[in-house]
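Colleague: Hi! I've got a few minutes before my next meeting. Could you walk me through this one?

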Amino acid sequence: MLKAAVAQFCATSTVATNTQTCKRLIRRAADQGAKVVFLPEASDFIAESKEQALALAKDDAFLRGVRQAAQDAKIWVAVGVHEQCESSRLYNAQIVFDDHGERVASYRKIHLFDVDIANGPRLMESELTAPGNEILPPIATPVGNVGLQICYDLRFAELSISQRRLGAEILTFPSAFTVKTGMAHWEPLLRARAIETQCYVMAAAQTGQHNAKRASYGHAMIVDPWGTVVSQCSDAVEDVAVATIDLDYLRRIRMEMPVMTHRRPDVY
């Protein structure tokens, strides 16, 4: 059995500071025996405007720093970043590096949060972010087969169930939940995805006040296939939570409660 870690911190628009923070978290996870560490959504930066985000995404210094840190610490790293695309928008991506610093996968967030209510709130993620259109097959890592998702994807159970069918043993949800939705839904959703797919859930999280307009809930955690929270970050802004990934336990749960074979695709 091997260990995995999730991290939380408070990213800002200062990429150099975010890079150093992530390098510390990577080293800290490795020092605690983790073979894979999962970093939050938008670990490279949280910008204060669309224009600033587009400008910051042109520099690859953050990814070069994370890649080197993975290689130096001999640990796999999954990290949420912004990727450039052909339009005047960015992809919200999760990139995986192996313990040699080689890039092995890149997933682009599929579900975008767009709300425009007359005389009410207007939050349009698609104004900055272009949606991905592909479910990646699970990535083979030292701790198991990992299915990649990001933040708002968490609310769509179909994606997690699809990844389970493809062989996922671990689901990842690097996130930056708001404080309001985090308090109400973060842990219940994570535990639900773990229970219904019988997978470990790795939920790295942004936390704290990023700028005058934006704050995140935090509470990064690891949930086992029975739905138990087995490790969780403290209230400290910068923290790592580590847990053992027991695939024998996972297989026993799936054998004793074979929900995937009981599904009725002929009916629904």
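**Helix packing, cores and a few side chains**

Colleague: Let's start with H4. What do its buried residues pack against?
Modeller: Quite a list: the buried residues of H4 pack against strands E5 (103-108), E10 (144-148) and E11 (170-172), and against helices H5 (179-197), H6 (247-256) and H7 (259-262). Bear in mind that this is a predicted model.

Colleague: Thanks. And which are the buried residues of H4?
Modeller: Helix H4 spans residues 157-165, and its buried residues are Ala157, Leu159, Ser160, Ile161, Gln163 and Arg164.

Colleague: How do H4 and H5 pack, in terms of angle and axes?
Modeller: Their axes are 10 Å apart, at an angle of about 35 degrees, and the crossing is right-handed. On the H4 side the contact is made by Ala157, Ser160, Ile161 and Arg164, and on the H5 side by Arg193, Glu196 and Thr197.

Colleague: What follows H4?
Modeller: Gly167 follows H4, and its phi is positive, near 110 degrees.

Colleague: Which residues other than glycine have a positive phi?
Modeller: Two to look at are Ala42, with a positive phi of about 55 degrees, and Gln198, with phi near 55 degrees. Ala42 is in the loop between strand E2 (34-38) and helix H2 (50-56), while Gln198 is in the loop between H5 and strand E12 (200-203).

Colleague: Are those two buried or exposed?
Modeller: Ala42 has a relative accessible area of 7%, so it is buried. Gln198 counts as buried because its relative accessibility is 2%.

Colleague: Back to helices. How do the axes of H1 and H3 cross?
Modeller: The axes of H1 (residues 15-31) and H3 (residues 61-73) come within 9 Å and cross at roughly 15 degrees. The two helices are therefore roughly parallel to each other, since angles under 35 degrees count that way. H1 passes H3 in a right-handed crossing.

Colleague: Which residues make that contact?
Modeller: From H1 there are Val15, Asn18, Thr19, Cys22, Lys23, Ile26, Arg27 and Ala30. H3 contributes Phe62, Gly65, Val66, Ala69, Ala70, Asp72 and Ala73.

Colleague: New topic, the largest nonpolar core. Which of its residues touch the most other members?
Modeller: That core has 45 residues, and Val6, Phe38, Leu148, Trp186, Leu190, Met202 and Ile245 touch the most other members. Apart from that core lies another, of 34 residues, among them Leu25, Ala34, Val79 and Val81.

Colleague: Let me zoom in on Val6. What does it touch?
Modeller: Leaving out residues up to four places away in sequence, Val6 touches Phe38, Met202, Ala203, Ala204, Ala220, Met221, Ile222, Cys233, Asp239, Val240 and Ala241.

Colleague: Okay, polar side chains now. Where does Gln8 lie?
Modeller: Gln8 is in strand E1 (residues 2-9). With a relative accessible area of 1%, Gln8 is buried, and its side chain reaches the backbone oxygen of Ser234 at 3.0 Å.

Colleague: And Lys109, buried or exposed?
Modeller: Buried, because its relative accessible area is 3% and anything under 20% counts as buried. Lys109 lies in the loop between E5 and strand E6 (114-116).

Colleague: What is Lys109 in contact with?
Modeller: Setting aside neighbours within four places in sequence, Lys109 is in contact with Glu41, Asn92, Glu125, Ala130, Pro131, Gly132, Ile150, Cys151, Tyr152 and Asp153. With Glu125 there is a side-chain to side-chain polar contact of 2.8 Å.

Colleague: What separates the C-alpha atoms of Lys109 and Arg251?
Modeller: They are separated by 28 Å, and the two residues are 142 residues apart along the chain.

Colleague: Last one: where is Glu127?
Modeller: Glu127 sits in the loop between strand E7 (122-124) and strand E8 (129-130). At 40% relative accessibility, Glu127 counts as partly exposed. Beyond its neighbours within four places in sequence, Glu127 is in contact with Lys50, Arg89 and Arg122.

Colleague: Which of those has a polar contact with the Glu127 side chain?
Modeller: Arg122: a polar contact of 2.7 Å joins its side chain to that of Glu127. As for Leu90, its C-alpha atom and that of Glu127 are separated by 9.4 Å, with the two positions 37 residues apart along the chain counted as the separation.

Terms used. Residues numbered from 1 in each chain as written. Predicted model: local features only at pLDDT ≥ 70, side-chain atom pairs only at ≥ 80, totals over all residues. Heavy atoms only, no water. Core = buried A, V, L, I, M, F, W, Y, C linked by side-chain atoms within 4.5 Å. Buried < 20%, exposed > 50% of the residue type's maximum accessible area, 1.4 Å probe, protein only. Contact = heavy atoms within 4.5 Å. Helix = DSSP H or I, 4+ residues; strand = E, 2+ residues; numbered from the N terminus. Polar contact = N/O pair within 3.5 Å; in protein donor to acceptor, adjacent residues only side chain to side chain. Axes fitted to C-alpha atoms, helices over the stretch in contact; angles between N-to-C directions. Parallel < 35°, antiparallel > 145°, perpendicular 65-115°, else oblique. Left-handed = near helix turned anticlockwise from the far one by under 90°.
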